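Here are some notes for a colleague who is opening this structure for the first time. Please keep the sequence and the 3D view at hand while reading the points below.

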Amino acid sequence: MHKLPSIDFTNKKNLKPSSTSWLATALEATRALEEYGCFIAEFDKVTPELNDAVFHGLEDLFDIPIETKVLNKSTKPFENVLAYNKLVAELEEMVTRMVFETYGVEKYLDAHRKMVTYLCRGMKYRPPVENETNMGFVPHTDKDFITVLHQNGVNGLEVKARDGEWFSVELVPSSYIVMSGDAAMAWSNERLYSPFHRVTMNGKESRYSIAQFSFLEGIIETPKEFVDEEHPLLYKPFDHLKYLDFYNKEENRRLECAIRTYCGVNV
Ligand SMILES: O=C(O)CCC(=O)C(=O)O
Ligand SMILES: [Fe+2]
């Protein structure tokens with residue numbers, strides 16, 4: 001039975017670049033992204049108050065009647081969500097930096113950071129009613145570089161391990177899932193893994209989750225450091241946002257490995 005590693009990114013760890021604890025955490029995080037394509041991060045920068053405010057905001061948003069939602073006219077500033085996004089971006093930045101350093105490709109980090117843009121998506125999964133499937137989100141891989149996922153207290157996320165086994169992820173409130181997406185897999189010449197994952201609803205409570213995706217505005221190219229005789233180049237340089245457009249076309253949504261079809265070498 002698989003279990004995701006849980007890695008401490010809390011303040012008490014005092015993660016300072018180049019410190020011993022930073023290096024150890026960097027290695028742990030990178031190995032987890034290689035093995036499972038994700039890990040649980042303990043992260044305490046988002047205070048419980050902000051966390052609650054964000055989830056209450058999400059509940060209110062989903063409660064707006066459909067007639068009002070379709071007007072798409074909210075002028076309500078999403079201050080809490082923006083504050084949340086900034087703090088979660090710190091986690092994403094830390095993990096990305098750790099991965100680049102662990103692979104010795106940190107000279108590409110500045111260029112990478114300049115290209116990062118975020119997409120944040122809030123989700124509500126209501127409990128299934130009788131005779132309804134409990135599938136909340138169909139199996140998929142993320143199309144971005146690094147995703148940070150967070151949920152209200154209700155579990156439901158399942159991840160497919162490299163051996164094909166699905167296993168569930170149990171989170172405590174202050175924890176997040178950090179996951180590598182297709183773009184990170186291609187960039188790293190498949191050192192990092194982009195795992196299939198899905199949401200299954202079992203209990204009686206609604207599940208709310210927030211996903212923060214990092215996309216790159218521009219071309220992603222595998223650093224030459226990942227390529228040698230034993231590891232031939234697997235992906236051609238690709239435009240990340242155009243990959244998203246490709247995936248969003250109906251005929252491409254069910255491809256087994258969209259990124260390979262899109263920019264795989266010899267495909
Ligand atoms: O709700 C979740 O935990 C998963 C969401 C997800 O996989 C996605 O938005 O890509
Ligand atoms: Fe996902």
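1. In this predicted model, the iron ion (ligand 2) has as its protein donors H140 through NE2, D142 through OD and H197 through NE2, and these lie 2.0 to 2.1 Å from the ion. Along the sequence, the donor residues of the iron ion follow the spacing H-x1-D-x54-H. Since D142 belongs to the loop between β4 and β5 (146-151) while H197 belongs to strand β9, the pair ties together parts that are 55 residues apart in sequence.

2. Turning to ligand 1, a reader may ask which of the 14 residues around it come nearest. These are R121, Y125, H197, R207 and S209, and H197 is also one of the donors of the iron ion.

3. Polar side-chain atoms of Y125 and of S209 each lie 2.6 Å from an oxygen atom of ligand 1, and a polar side-chain atom of H140 is found 3.0 Å from an oxygen atom of this ligand. The protein covers 98% of the 300 Å² of accessible area that ligand 1 has on its own, and the place where ligand 1 sits is the largest cavity.

4. As for where the shell around ligand 1 comes from, the strands β3 (116-125), β4 (135-140), β9 (197-200) and β10 (207-216) each supply at least two of its residues, with β10 giving the largest share, namely four residues. By type, the residues of this shell divide into eight nonpolar, three polar and three charged.

Technical notes: Residues numbered from 1 in each chain as written. Chains lettered and ligands numbered in written order. Predicted model: local features only at pLDDT ≥ 70, side-chain atom pairs only at ≥ 80, totals over all residues. Heavy atoms only, no water. Near = heavy atom within 4 Å. Polar contact = N/O pair within 3.5 Å; in protein donor to acceptor, adjacent residues only side chain to side chain. Areas by Shrake-Rupley, 256 points an atom, 1.4 Å probe, with all protein chains shown as cover. 1 Å grid on protein atoms, 1.4 Å probe; cavity = no way out; pocket = protein on both sides within 12 Å on 5 of 7 lines; lining within 4 Å. Sits in = over half its atoms within 2 Å of the grid points. Nonpolar A, V, L, I, M, F, W, Y, C, P; charged D, E, K, R; others polar. Donors = N, O, S within 2.8 Å, 3.2 Å for Na, K, Ca; no water.
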